[in-house]
Amino acid sequence: MVVALNLAMFGPPGAGKGTQARRLATERGIPQVSTGDILREAVQGGTELGREVKAIMDAGELVGDDVMLGIVRERLSKADASGGFILDGFPRTVAQATALDDILEGRQGLVVLEIAVGDETLVNRLSRRRVCGNCGAIVGDTNGEAQLLCPTCGGELSQRSDDREDVVRGRLEVYHRETAPLVEFYQGRASFRTVDGDQPPEVVAQAVQAALSAVNGAAA
Ligand code: AP5
């Protein structure tokens, strides 16, 4: 029997959730479900949801649990998520985590990975992050050079509106207050692992694979 990977990744802003989720989703042929990306698309598309959440996101606050749960419930019910998925940035509160267990009732077990990185590293990383408007690639350290075009597709790179240092520090505060308690929520589960995200991306990817193998081994 093929075991579906139902994975949720959480960690502070800039920990590398998107980088690792994108890579793993491509390798496994399952969707990356980034709640941040879904919300940003709604903002860009000027939808009702987008108008509702824009100011909240620009301020680095969390969108309400009810709104987020509606989005995730609908996304996970789509056919492409039936063989597995990678949740990137969800859950983010204990209420979301509790509701996720209900949403997933009857499906194969949820694996949860925390990607841990210290605050100062994150502030530094996010000040350098650029995102491609064409292919969505996340571009990291530009060695102080103002990189304008995507190294993957040549598309235009831009900075996220919530990556200004003052907003990043606020997002970190929100993380410690609202999301860090998830460690305690998941701590007792054999399918929960923490990965050190303060290493080069390829090394983090290996650590993610090792954590997934360890969870599989423990379940066997
Ligand atoms: P979201 O888009 O989820 O933002 P976030 O959690 O703050 O995380 P980021 O996307 O900033 O970082 P990341 O961990 O994905 O890191 P990345 O791989 O890009 O959410 C945005 C907003 O939407 C929230 O503030 C909130 O308002 C709302 N929202 C979303 N989900 C919600 C929910 N569930 N509930 C309520 N509200 C919600 O990497 C960052 C940078 O570091 C890049 O430049 C990358 O190249 C570089 N990098 C990555 N890995 C490494 C490494 N190992 N070493 C060095 N550099 C690295």
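Trainee: Let's begin with packing in this predicted model. Which elements do the buried residues of α2 pack against?

Mentor: The buried residues of α2 pack against β2, α3, α4 and β3. Those residues are T35, G36, L39 and A42. Looking down the helix axis, they fall within an arc of 125°, so they line one face of α2.

Trainee: Why would buried positions in a helix be spaced like that along the sequence?

Mentor: An α-helix has 3.6 residues a turn, so residues three or four places apart point the same way. For the opposite side of α2, look at E41, Q44 and G45, which are exposed.

Trainee: What comes right after α2, and what is the sign of its phi?

Mentor: G46 follows α2, and its phi is positive, near 65°.

Trainee: Let's move on to α4. How do I check its length against what a helix should span?

Mentor: Take 1.5 Å a residue and compare the result with the distance between the end C-alpha atoms. Helix α4 covers residues 65-76, so its 12 residues should span 16 Å, and its ends are indeed 16 Å apart.

Trainee: Which residues of α4 are buried?

Mentor: They are M68, L69, I71, V72, R75 and L76. Around the axis they cover an arc of only 165°, which puts them on the same side of α4. Turned away from that buried side is a face with the exposed residues D66 and E74.

Trainee: What does the buried side of α4 pack against?

Mentor: The partners of its buried residues are β2 (32-34), α2 (35-45), α3 (48-58), β3 (84-88) and α5 (94-103).

Trainee: Where does G70 belong, and how accessible is it?

Mentor: G70 is in helix α4. Its relative accessibility is 34%, so G70 counts as partly exposed, the class between the 20% and 50% cut-offs. From G70 to D88 the separation is 18 residues in sequence and 16 Å in space, C-alpha to C-alpha.

Trainee: Let's look at a strand residue next. Is L87 buried or exposed?

Mentor: L87 lies in strand β3, and it is buried, with a relative accessible area of 0%. Leaving aside neighbours within four places in sequence, L87 is in contact with L7, A8, M9, V33, V72, L76 and L100. Two of these partners, V72 and L76, are among the buried residues of α4.

Trainee: How far is L87 from C153?

Mentor: Their C-alpha atoms are separated by 25 Å, and the two residues are 66 apart along the chain.

Trainee: Which peptide bond here is cis?

Mentor: A cis peptide bond joins F90 and P91, with omega about 5°. P91 lies in the loop between β3 and α5.

Trainee: Let's try the helix reading again on α7. What is its end-to-end reach?

Mentor: α7 has 15 residues and reaches 20 Å from its first C-alpha to its last, close to the 21 Å expected at 1.5 Å a residue. For its sidedness, start with the buried residues, V167, V168, R171, L172, V174, Y175 and T179. Seen down the axis of α7, they fall within an arc of 165°, so they line one face of the helix. D166 and E173 are exposed on the face turned away from the buried side.

Trainee: Which elements meet the buried residues of α7?

Mentor: They pack against β1 (5-10), α3, β4, α6 (119-128) and α8 (182-186).

Trainee: Where does H176 sit, and what does it touch?

Mentor: H176 is in helix α7, residues 165-179. With a relative accessible area of 43%, H176 is partly exposed. Not counting residues up to four places away in sequence, H176 touches D119 and P181. H176 and V123 are 53 residues apart in sequence, and 14 Å apart in space, C-alpha to C-alpha.

Trainee: Let's finish with a pocket. How many residues line the second largest one, and which lie nearest its centre?

Mentor: Its lining has 15 residues, with V3, G109, V111, V215 and N216 nearest the centre. The volume of this second largest pocket is about 260 Å³.

Trainee: Which element supplies the largest share of that lining?

Mentor: That is α9, with 5 residues. Both β4 (110-116) and α9 (201-219) supply at least two residues each. By character, the lining of the second largest pocket divides into 10 nonpolar, 4 polar and 1 charged.

Note on methods: Residues numbered from 1 in each chain as written. Predicted model: local features only at pLDDT ≥ 70, side-chain atom pairs only at ≥ 80, totals over all residues. Heavy atoms only, no water. 1 Å grid on protein atoms, 1.4 Å probe; cavity = no way out; pocket = protein on both sides within 12 Å on 5 of 7 lines; lining within 4 Å. Points joined across faces, edges and corners; volume = space filled by probe spheres on them. Helix = DSSP H or I, 4+ residues; strand = E, 2+ residues; numbered from the N terminus. Nonpolar A, V, L, I, M, F, W, Y, C, P; charged D, E, K, R; others polar. Expected span 1.5 Å × (residues − 1). Buried < 20%, exposed > 50% of the residue type's maximum accessible area, 1.4 Å probe, protein only. Arc of directions from axis to C-beta. Contact = heavy atoms within 4.5 Å.
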